[in-house]
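Q: Could you take a close look at one helix here and tell me how its two sides sit in the fold? A bit of context from elsewhere in the chain would be welcome too.

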Amino acid sequence: MNLFCFLWTPLFYFFWISLRPSKANNSGGLGALLLGSACALVRYITAPWISPGEFGFSRWLSTLVDTVSLPALLPLLFFALFSALKIIPPPGDPAGFALLWLVPEGIFRSVNPAGRRDPVFLTLVPVLWTAIALGIPLFARSLSKGKRRFRMTVALFGITALPLAAASCYWAFFCRRLPLGWVLLAATLMPPVLSLSLSLRRALKGRI
């Protein structure tokens, strides 16, 4: 389980960039690693920002802020800022930036004594990070290209709902509400699976 948490994000990152054009794979990589390492170190040596409590709302809120959603959203927010400031040139790859940022986070989580014996913490959390890292850029691209109100509404709903669904998924598994957890996991994984499918199709077309 610790090995899964340690290796999942870097291995998935290499798989992801293999599907992307080479010009999109060198956008802020060093900065992502440095900032991700600094953020992971700070989170490792500090207490949780939200007291988790037992199984109620405080546990869910702690999951949202400390465990699942905010750690995966933070690199996407930095990528958006760097893109706006032209620090990262277009076209850029927000998903790749976020995955690279999360590599140190996964390493620190894998050696954290607090979660060393928790299979949900060590296996589900990296997968949920990946879902957010791939899903949010997919919705953001749809939002930027969308001219129809329905398409924009769906994109905004996805950007809002995906982090909440990911946090709720972890909370459900933690609280042993397994049917709800599996439903939320399936919903959370749909956007990244779609993103992977689109990237794989483009990669195959480019190689034919």
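A: Let's set the cut-offs up front: a residue is buried when its relative accessible area is under 20%, exposed when it is over 50%, and partly exposed in between. Keep in mind that this is a predicted model.

The helix to look at is α2, which runs over residues 29-45. Its 17 residues reach 24 Å from the first C-alpha to the last, close to the 24 Å expected at 1.5 Å a residue. Its buried residues are A32, G36, C39, A40 and R43. These cover an arc of only 100° around the axis, so they sit on the same side of α2. What lies over them? The cover includes α3 (57-67), α4 (69-84) and α5 (94-110). Flip to the other side of α2 and you find L30, L34 and I45 exposed.

Now for some context, starting with helix α1. L11 lies in α1, and it counts as exposed because its relative accessibility is 54%. L11 also belongs to a nonpolar surface patch with L3, F6, L7 and I107, and together they have about 440 Å² of accessible area. Helix α1 (residues 2-18) gives the patch its largest share, four residues.

For a buried case, try P191, which lies in helix α8 (residues 178-207). P191 counts as buried because its relative accessibility is 8%. Leaving out residues up to four places away in sequence, P191 touches G135, L138, F139 and L162. The C-alpha atoms of P191 and G158 are 8.5 Å apart, although 33 residues separate them along the chain.

How values were computed
Residues numbered from 1 in each chain as written. Predicted model: local features only at pLDDT ≥ 70, side-chain atom pairs only at ≥ 80, totals over all residues. Heavy atoms only, no water. Helix = DSSP H or I, 4+ residues; strand = E, 2+ residues; numbered from the N terminus. Buried < 20%, exposed > 50% of the residue type's maximum accessible area, 1.4 Å probe, protein only. Contact = heavy atoms within 4.5 Å. Patch = residues over 30% accessible without salt bridge, like charges linked within 9 Å, V, L, I, M, F, W, Y side chains within 5 Å. Areas by Shrake-Rupley, 256 points an atom, 1.4 Å probe, with all protein chains shown as cover. Salt bridge = Lys/Arg side-chain N within 4 Å of Asp/Glu carboxyl O. Expected span 1.5 Å × (residues − 1). Arc of directions from axis to C-beta.
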